[in-house]
Amino acid sequence: VIDIRKLYAQTSAFTYDPGFTSTASCQSKITYIDGDQGVLLHRGYPISQLAEQSSFMEVCYLLLNGELPKQDELATFSRTISRHTMLHEQLMTFLRGFRRDAHPMAIMCGIVGALSAFYHDSTDITDPQQRMIASHRLIAKMPTIAAMAFKYSVGQPFLYPDNSLSYSANFLRMTFGVPAEPYEVDPAVEKAMDRIFILHADHEQNASTSTVRLAGSSGANPFACIAAGIACLWGPAHGGANEAALNMLREIGTPDRIPHYIERAKDKDDPFRLMGFGHRVYKNYDPRATVMQKTVREVFNALKVTDPVFEVALQLEEMALNDDYFIEKKLFPNVDFYSGVILSAIGFPTSMFTALFALARTVGWIAQWNEMITDPDQKIGRPRQLYTGPTQRDYVPIDRR
Ligand code: ACO
């Protein structure tokens with residue numbers, strides 16, 4: 001590892017590295033990825049163990065505090081989060097200003113940015129107490145915001161949070177429940193939802209997390225920084241890939257059409273890519289995709305449903321993994337390949353998929369933001385550029401051009 005800052009101080013040299021393929025922008029103790037081996041650890045704990053054995057609240061505590069909580073610490077943390085689930089009534093007026101067919105991600109960018117205007121007592125980034133309250137507020141309010149964005153799009157009344165339920169059950173009830181009618185959350189679906197949140201909780205310096213850090217490096221308040229992260233996550237090359245992957249699987253439709261799409265993905269003159277395949281860091285199977293694939297089966301069994309797209313996904317994976325192009329380029333399924341199949345089985349429309357990703361990633365973003373704020377090496381993010389425009393020239397008045 002070369003510390004380019006020392007070299008720069010002596011020579012004004014800098015690196016040209018579009019897409020930051022080989023430049024570390026920070027030091028971090030939160031998440032470790034070994035892309036060649038397909039390893040993902042949060043604070044040292046393997047993602048498969050966390051997904052199988054812990055809860056999303058536990059993982060939130062771990063990411064924020066560095067250690068797994070003891071029983072009483074978890075109880076206190078969960079209670080604190082549930083105390084912050086409500087949204088200010090005026091925010092609902094704000095939400096109703098969106099067009100009915102607004103994408104939930106557009107609503108989330110707007111509402112989360114607007115939180116800065118409602119919670120002045122947690123925007124002083126120099127105060128650790130205020131930073132902690134902002135972190136709790138963001139984690140707690142994201143399910144409420146996401147559920148309301150959904151309800152708004154289908155024209156149903158909003159449901160207020162029920163803080164007697166778990167984080168995931170409360171979200172499912174706010175999304176699928178109807179006022180004045182009982183809503184029973186299926187425990188298997190609740191567990192699957194919680195696991196999906198765990199699998200998306202953090203992933204070190206991906207595009208949206210780097211965006212949150214870059215926005216935060218100027219001293220911007222945490223709500224504004226997370227809104228920036230949501231905007232970045234929206235793109236189809238990042239969080240939007242789960243929506244794009246399911247749309248692709250539906251378009252393929254039947255296994256006999258898979259070879260045609262594999263050929264298209266390999267054709268350099270065709271912009272088509274296999275969505276949910278490939279990763280900047282993983283050059284092996286994404287460990288989150290393994291858990292996700294298993295969870296599809298669990299949800300199908302619990303709900304006694306099936307979906308032909310799952311068979312298409314399994315066969316597409318098998319064919320791609322045996323194809324020289326994908327082998328040579330080390331392209332494997334990523335977390336987004338199977339997540340859409342599960343979310344669709346639970347009942348979410350595709351437009352909500354990236355919103356769910358944003359909900360779950362909020363804890364990672366805010367943990368990384370907190371780490372950055374307290375890092376003594378922290379500086380305003382200011383990438384250099386390689387200028388390729390014209391050299392200096394004289395201004396020509398408009399009548400002589
Ligand atoms: N289908 C077909 N070819 C692909 C795919 C794909 N899904 N992904 C990468 N390739 C090819 C590229 O064409 C490129 O080929 P080349 O070397 O001949 O030019 C090579 O593999 C390397 O790909 P890059 O785009 O240069 O790799 P990069 O690290 O910049 O991109 C990315 C990674 C954006 C994830 C890419 O694999 C992709 O677009 N995948 C589909 C979208 C997707 O699933 N995104 C979700 C990522 S995970 C997440 O954000 C949660």
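The legends below walk through several close-up views of a predicted model of a protein chain with a ligand.

**View 1. The whole chain, before we zoom in.** The protein chain holds 18 helices and three strands. Its C-alpha atoms fit in a box of roughly 70 × 55 × 55 Å along the principal axes. Does the radius of gyration agree or disagree with that of a compact globule? For 401 residues, a compact globule would have a radius of gyration near 21 Å, and the 22 Å of this chain agrees with that. Of the 401 residues, 42% are buried. Among contacts with a separation of 6 or more, 76% join residues 24 or more positions apart.

**View 2. The largest nonpolar core.** Here we look into a core of 110 residues. The residues with the most contacts inside this core are M108, V112, A146, I226, I230, I342 and L356. Which helix gives the most to the core? That is α18, residues 353–373, with 13 residues. As background, nonpolar side chains tend to be buried together in soluble globular proteins.

**View 3. A closer look at A146.** A146 belongs to the set with the most contacts inside the largest nonpolar core. Setting aside neighbours within four places in sequence, A146 touches P104, M108, A355, L356 and L359. Two of these partners, M108 and L356, are themselves in that set of core residues with the most contacts.

**View 4. Helix α17 and what covers it.** Helix α17 runs over residues 336–346, and eleven of its eleven residues are buried. Reading along the helix, the buried residues are D336, F337, Y338, S339, G340, V341, I342, L343, S344, A345 and I346. What covers them? The cover includes α9 (187–200), α12 (241–252), α14 (287–303), α15 (308–321) and α18. I342 is also one of the residues with the most contacts inside the largest nonpolar core. Just past the end of α17, G347 adopts a positive phi of about 120°.

**View 5. The shell around the ligand.** How many residues surround the ligand? There are 19, and the closest are A241, R273, F277, G278 and R280. By character, the shell divides into eight nonpolar, seven polar and four charged residues.

**View 6. The three-stranded sheet.** This open sheet has the strand order β1-β2-β3, with antiparallel pairing. The edge strands are β1 and β3 (45–46), each of which pairs on one side only. β1 (residues 31–34) and β2 (residues 39–42) are linked by four bridges, while β2 and β3 share two. Across the β1 and β2 pairing, I33 stands opposite L40 and D34 stands opposite V39. Across the β2 and β3 pairing, H42 faces Y45, and the bridge partner of L41 is P46.

**View 7. Two faces of the strands.** In a regular strand the side chains alternate between the two faces of the sheet. In β1, which residues are buried? T31 and I33 point to one face and are buried, whereas Y32 and D34 point to the other and are not. β2 follows an alternating pattern too: L40 and H42 point to one face and are buried, while V39 and L41 point to the other and are not.

**View 8. The two hairpin turns.** β1 and β2 make a hairpin with four residues between them, and G38 in the turn has a positive phi of about 70°. β2 and β3 make a hairpin with two residues between them. In that turn, R43 has a positive phi of about 50°.

**View 9. Two loop residues with positive phi.** A180 has a positive phi of about 70° although it is not a glycine. A180 sits in the loop between α8 (167–176) and α9. Is A180 buried or exposed? A180 is exposed, because just 6 other C-beta atoms lie within 10 Å, against a limit of 12 or fewer for the exposed class. K330, also not a glycine, has a positive phi of about 55°. The loop that holds K330 lies between α16 (324–328) and α17. With 13 C-beta neighbours inside 10 Å, K330 counts as partly exposed.

Note on methods: Residues numbered from 1 in each chain as written. Predicted model: local features only at pLDDT ≥ 70, side-chain atom pairs only at ≥ 80, totals over all residues. Core = buried A, V, L, I, M, F, W, Y, C linked by C-beta atoms within 7 Å. Buried ≥ 20, exposed ≤ 12 C-beta atoms within 10 Å, placed from the backbone. Contact = placed C-beta atoms within 7 Å. Near = placed C-beta within 6 Å. Nonpolar A, V, L, I, M, F, W, Y, C, P; charged D, E, K, R; others polar. Rg over C-alpha atoms; globule rule 2.2 N^0.38 Å. Pairing = 2+ DSSP bridges.
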